[in-house]
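Morning, everyone. Let me put the next structure on the screen and walk you through it.

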Amino acid sequence: MTDRETTQSTDVAEVEVAEVAVAEPAAPAETAAADPAPADAAPAEPVAAGALTAPAPVPVASTDPGKWGRVDESGEVFVKTADGERSVGSWQAGEPTEGLAHYARRFDDIRTEVELLEARIVSGAGDPKQSLTSAKHIKESLVGAAVVGDLAALAARVEFVLAHAKQAIEASKHAREAARAASVARKQELAEEAEKIAADSTQWKVAGDRLRAILDEWKTIRGVDRKTDEQLWRRFSKARDTFNRRRGSHFADLDRQRSTAKARKQELVEEAEQLAESEDWGPTAGRYKALMTEWKAAGRAPKDSDDALWQRFRAAQDKFFARRSSAFNERDAEFTENAKAKEELLAEAEKINTSDLDSARSHLHRIQERWESIGKVPRERVRELEGRLRTIEEKVRQAADQQWRRTDPEAQARAAQFRERVEEFESKAAKARAAGDNRRAEQAEAQAAQWREWLAAAEQAVATR
């Protein structure tokens, strides 16, 4: 390579290095004081394409090492740089081309290392801080590196890796900050939810399950600084303790209530079992109804005790009502027979002849005695049968009333008195007419007519009795 070609190559390399330097973003003031990334921090995201300008690929030195170096007659090996040639060593073991190839392979090793760093940092697979440190070491080693190759282009590529690593570090820092903020916000939400549950919820199982789920999620949230994490944890822990105390107090009260309910229900069961043998059907049935009301008001006892006590209560109740049902069935059969007997008595009573009132009364009295001795009938037949008997009794009573009116001496005396008064005024009228006193005759005849009407009414009353 001529001196002019070497100068042109160096100029190109310097331009590429300048482009890389321009593309590198300025680091924030707090970068140097930033906290180290936590172990579980997310890897840096790859820098967006086009954010940095990549230098031209480094020529493969091993294929043309003579372009970048030479071996003089004494065996000293030189590499061409932007500042001129620089001695990198000597070669006395063979041909000069072999010496150049040896130092070119050393250059290729460094180039390969740079390419690996670049691939890792661009893909986001590597640790940008480690890549930055490695790139700095390589940059420092290039100053006096005993290699033969395009050092300017390789230096430009190292600068690219350095700039990319710094940008990746900055992106990783922002990603950590965003993740930390999201983690803090989520834990704040969980703490607030836990506090609300602790203050308001009485759905003990659902709320308890939710607090356990919050705890499980809490354990998965990373990246919160220790101070903030401890503050939020104290809020969550306090809320959980408050809820547990409220729940414990509730169930303690519930246990006391259930113990009281158990004792009360035992008393009700004992009374129910005593009443099971009662034959005082109506009052006992009413008492069982009251016992059921008291049972519901007593509340729930512990489940196993509550179920056992209920079975005893129901058994006693069923026993009583089964006995009552059996007794009622027997009674209903008896009442049905009684109804038939009373129907026969009614058929007999309806044939009573009231013309012989004494005989009718005697017959009805015997029927009434037999009626009472027969006993009760089905409730739905009472009104019908009693009504028919009342009709017959009314018939006999009316016949007796009519007979009494016909034989009433006061009514007959009254009619006789009215008759005498009629005769008296008729006599006065006749005498006045004979004496020629027409006025007195007409007055007497009018009075006689009035008494005659009263007589007719009195005689009618006696006749209809």
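I'll go through the sheet, the cores, and then a few single sites.

One caveat up front: this is a predicted model.

Let's start with the sheet. It is open, with 3 strands in the order β1-β2-β3, and the pairing is antiparallel. Which strands sit at the edges? They are β1, residues 69-71, and β3, residues 84-90; each pairs on one side only. From one strand to the next, the twist averages 25°.

Now the pairing in detail. β1 and β2 run antiparallel over 3 bridges. G69 has V79 of β2 as its bridge partner. R70 has F78 of β2. The two strands, β1 and β2, make a hairpin with 4 residues between them. Look at G75 in that turn: its phi is positive, about 90°.

On the other side, β2 and β3 pair antiparallel over 6 bridges. This is a hairpin as well, with 2 residues between the strands. T81 stands opposite G84 in β3.

So is β2 largely enclosed or open? Largely enclosed by the rest of the structure, because 5 of its 6 residues are buried. The cut-off for buried here is under 20% relative accessible area.

That leads to the core. In soluble globular proteins, nonpolar side chains tend to be buried together. In this model, the largest nonpolar core has 28 residues. Which of them have the most contacts inside it? V77, I110, V114, I138, L142, V148 and V158.

Where do the core residues come from? β2 (76-81), α2 (96-123), α3 (128-142) and α4 (151-200) each supply at least two. The largest share is from α4, with 8 residues.

Take V77 as a way in. Set aside its neighbours within four places in sequence. V77 then contacts R70 and V71. It also contacts the run R86, S87, V88, G89, S90 and W91. Further along the chain, its contacts are L100, Y103 and V148. V148 is also on the list of core residues with the most contacts.

There is a second, separate core. It has 18 residues, including A191, A198, W218 and I221.

Next, an annotated stretch. An unreviewed UniProt entry carries the annotation "coiled-coil region" for residues 251-278. What does the model show there? The span is 89% helix and 0% strand. The end C-alpha atoms of residues 251-278 lie 40 Å apart.

Two single sites to finish. First, N338, in helix α8, residues 303-349. Is N338 buried or exposed? Buried, because its relative accessible area is 9%, and the limit is 20%. What does its side chain reach? The side chain of N338 gets to the backbone oxygen of I374 at 3.4 Å. Leaving out residues up to four places away in sequence, N338 touches I374, G375, K376 and V377.

Second, E384. This one is in helix α10, residues 379-406. Its relative accessibility is 36%, so E384 counts as partly exposed. The side chain of E384 makes a polar contact with the side chain of R381, at 2.7 Å.

To recap the two sites: N338 is buried, whereas E384 is partly exposed. As for the sheet, β2 pairs with β1 over 3 bridges and with β3 over 6. And β2 is one of the elements that supply at least two residues of the core.

That's it from me. Over to you for discussion.

Methods
Residues numbered from 1 in each chain as written. Predicted model: local features only at pLDDT ≥ 70, side-chain atom pairs only at ≥ 80, totals over all residues. Heavy atoms only, no water. Core = buried A, V, L, I, M, F, W, Y, C linked by side-chain atoms within 4.5 Å. Buried < 20%, exposed > 50% of the residue type's maximum accessible area, 1.4 Å probe, protein only. Contact = heavy atoms within 4.5 Å. UniProt positions renumbered as here; feature names shortened; annotations may be inferred. Polar contact = N/O pair within 3.5 Å; in protein donor to acceptor, adjacent residues only side chain to side chain. Pairing = 2+ DSSP bridges. Axes fitted to C-alpha atoms, helices over the stretch in contact; angles between N-to-C directions.
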